[in-house]
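This report describes the strands, one surface patch and the cysteines of a protein model. Please look at the sequence and the structure below before reading on.

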Amino acid sequence: MSAVCGGAARTLRTPGRHGYAAEFSPYLPGRLACATAQHYGIAGCGTLLILDPDEAGLRLFRSFDWNDGLFDVTWSENNEHVLITCSGDGSLQLWDTAKAAEPLQVYKEHAQEYVQGSCVVK
């Protein structure tokens, strides 16, 4: 994974993880969030990486692990510390970079679909 900061390419090696989405913070210049997965997203877990630029490249500010690959990430429009990721298990995770290592909230996919007043079970 690499990012361009100040005209120079910055690189951080992430052994065992492959980046799927990256987004710069709208609040903190240079702060980058990257959603990653093991084994090219086919199997394994995922990690949300929060990166900051430094003289040597990129340094890890925080990381959060999830039990399935993470495939997308976006920053909150209302809070500079909050992000949301989506994973291969069909859930969304709400993270706070200023707090605990666990997600603040996990939103799981629905187990049933309703079509014209009747219930169709997946």
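## Strands, patch and cysteines

Asp 72 is found in strand E7. The model is predicted. Strand E7 covers residues 70-75 and pairs with strand E8, residues 82-87, in the antiparallel sense over 5 bridges. Within this pair, Cys 86 in E8 is the residue opposite Asp 72. The connection from E7 to E8 is a hairpin of 6 residues.

Is Asp 72 buried or exposed? Asp 72 is partly exposed, because its relative accessible area is 41% and the range for partly exposed lies between 20% and 50%. Asp 72 also has a partner that is distant in sequence: Ala 21 is 51 residues away along the chain, yet the two C-alpha atoms are 5.1 Å apart in space.

A second group of strands forms an open sheet. The sheet has 4 strands in the order E3-E4-E5-E6, and the pairing is antiparallel. Strand E3 (18-24) and strand E6 (57-66) are at the edges; each has a single partner strand, so one side of each lacks a neighbour in the sheet. On average, neighbouring strands of this sheet are turned by 25° against each other, with direction ignored. In general, strands of a sheet pair through backbone hydrogen bonds, either parallel or antiparallel.

Edge strand E6 is partnered by strand E5, residues 46-54, in the antiparallel sense over 9 bridges. Thr 47 is placed opposite Asp 65 in E6.

At the other edge, strand E3 holds Tyr 20. Together with Tyr 40 and Ile 42, Tyr 20 makes a nonpolar surface patch of about 390 Å². Tyr 20 has a relative accessible area of 36% and is therefore partly exposed.

How many disulfides does the structure hold? The number is 0. A disulfide is a covalent bond between the sulfur atoms of two cysteines. Cys 34 is buried, because its relative accessible area of 3% is under the 20% limit. Cys 45, in contrast, is partly exposed at 22%.

The table lists the accessibility of the residues discussed above.

| Residue | Relative accessible area | Class |
|---|---|---|
| Tyr 20 | 36% | partly exposed |
| Cys 34 | 3% | buried |
| Cys 45 | 22% | partly exposed |
| Asp 72 | 41% | partly exposed |

Terms used: Residues are numbered from 1 along each chain as its sequence is written. This is a predicted model: local features need pLDDT of at least 70, side-chain atom pairs count only at pLDDT 80 or more; totals for chains, interfaces and linings use all residues. Side-chain values use heavy atoms; hydrogens and water are left out. Two strands pair if DSSP finds at least two bridges between them. Helices (H or I, at least four residues) and strands (E, at least two) are DSSP runs, numbered from the N terminus. Axes are lines fitted to C-alpha atoms, for helices over the stretch in contact, and angles run from 0 to 180 degrees between N-to-C directions. Patches are made of residues with over 30% relative accessible area and no salt bridge: like charges are joined within 9 Å, nonpolar side chains (Val, Leu, Ile, Met, Phe, Trp, Tyr) within 5 Å. Accessible areas come from the Shrake-Rupley method with a 1.4 Å probe; for residues, only the protein chains shown count as cover. A salt bridge is a side-chain nitrogen of Lys or Arg within 4 Å of a carboxyl oxygen of Asp or Glu. Buried means under 20% relative accessible area, exposed over 50%, partly exposed in between (1.4 Å probe, protein chains only). A disulfide is a pair of cysteine sulfur atoms within 2.5 Å.
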